[in-house]
Amino acid sequence: MSAKKIANCAMCVALSVVTNLISVYKFPFGGSITLCSMLFMMLPAWFYGVRIGVLCGVIFGLLNFTISPYFMTVPQFLFDYIFAFGIMGLGGIVRNTKNGLIKGYLIAVIGRWIMATIAGLIWFSLGMTAWEGWSPLPYSMAYNAAYIFAEAFITVLLLLLPPVKNALERIKKTTGD
């Protein structure tokens, strides 16, 4: 990787870390709606592809764990911190297609939701209880969807604004591939 790529990726990871600390709403059992942190985390994948996107996601996951560590088992740690953020690099699959940023972002968010849902199922294996009347899988799916897709909805609305879309397209052109 060139120094320029490393610097661009470092800026994206740093923006993800900072915006992840700014919560619009914190959920009681983990997870929060942040100031578009998933977008900044996915940008390296959109700029440079899946491999670099996954690497940046894993780095962010490790930094996130360092800032606010909380885990019960190694598998839960892996799904909550490593896989959930690393998988966001898959957004780079469609990076050079029409509306690749939005499509890639949605792929990344769905991947994160799947990993967070699995992490939630691991919590249930440790004795956590779901809402009354809910079985573990639907509960974990709904709980994680509430914060992940709420942030995604807000971010996609932002990405649809022509000034934001045009600015990000210009930035992508200057990142150098």
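Leaving aside its neighbours within four places in sequence, with which residues is T117 in contact? In this predicted model, T117 is found in helix α5, and, once those sequence neighbours are set aside, T117 is in contact with L137, S140, M141 and N144. T117 is buried, with a relative accessible area of 6%, because the term covers residues under 20%.

**The nonpolar cores**

Helix α5, which covers residues 100-125, is one of the elements that each supply at least two residues of the largest nonpolar core, together with α1, α2 (37-48), α3 and α6 (136-159). That core has 37 residues, and those with the most contacts inside it are L39, L43, W46, L101, Y105, Y147 and I148. For I148, contacts beyond the neighbours within four places in sequence are made with M38, V109, R112, W113 and A116. A second core, separate from the one just described, has 6 residues, and F79, A84, I87 and A119 are included in it.

**Helix α1 and the surface patch**

Helix α1 comprises 18 residues, which at 1.5 Å a residue should span 26 Å, and this agrees with the 25 Å that lie between its end C-alpha atoms. The buried residues of α1 are K5, N8, C9, C12, V13, S16, V17 and T19, and they pack against β2, α2, α3 and α7 (162-175). An α-helix has 3.6 residues a turn, so residues three or four places apart point the same way.

I6 also lies in helix α1, which runs over residues 3-20, but I6 is partly exposed, with a relative accessible area of 46%. On the surface, I6 forms a nonpolar patch with M1, L55, I59 and L63, and together these residues have about 440 Å² of accessible area. The largest share of this patch, 3 residues, comes from helix α3, which covers residues 50-67.

**Residues in loops**

Two residues with positive phi values may be considered together. C36 is found in the loop between β2 (32-34) and α2, and its phi is positive although C36 is not a glycine. N99, found in the loop between α4 (74-86) and α5, likewise has a positive phi and is a residue other than glycine. The table sets out their values.

| Residue | Phi | Relative accessible area | State |
|---|---|---|---|
| C36 | about 65° | 11% | buried |
| N99 | near 55° | 36% | partly exposed |

Another loop residue, T73, is found between α3 and α4. Leaving aside the neighbours within four places in sequence, T73 is in contact with I122 and L126. How many Å separate the C-alpha atoms of T73 and W123? They are separated by 8.9 Å, although the two residues are 50 residues apart along the chain.

**A residue of helix α7**

A167 lies in helix α7, one of the elements against which the buried residues of α1 pack. Is A167 itself buried or partly exposed? A167 is partly exposed, with a relative accessible area of 25%, because that value lies between the limits of under 20% for buried and over 50% for exposed. The C-alpha atoms of A167 and I93 are separated by 21 Å, and these two residues are 74 residues apart along the chain.

Note on methods: Residues numbered from 1 in each chain as written. Predicted model: local features only at pLDDT ≥ 70, side-chain atom pairs only at ≥ 80, totals over all residues. Heavy atoms only, no water. Patch = residues over 30% accessible without salt bridge, like charges linked within 9 Å, V, L, I, M, F, W, Y side chains within 5 Å. Areas by Shrake-Rupley, 256 points an atom, 1.4 Å probe, with all protein chains shown as cover. Salt bridge = Lys/Arg side-chain N within 4 Å of Asp/Glu carboxyl O. Helix = DSSP H or I, 4+ residues; strand = E, 2+ residues; numbered from the N terminus. Buried < 20%, exposed > 50% of the residue type's maximum accessible area, 1.4 Å probe, protein only. Core = buried A, V, L, I, M, F, W, Y, C linked by side-chain atoms within 4.5 Å. Contact = heavy atoms within 4.5 Å. Expected span 1.5 Å × (residues − 1).
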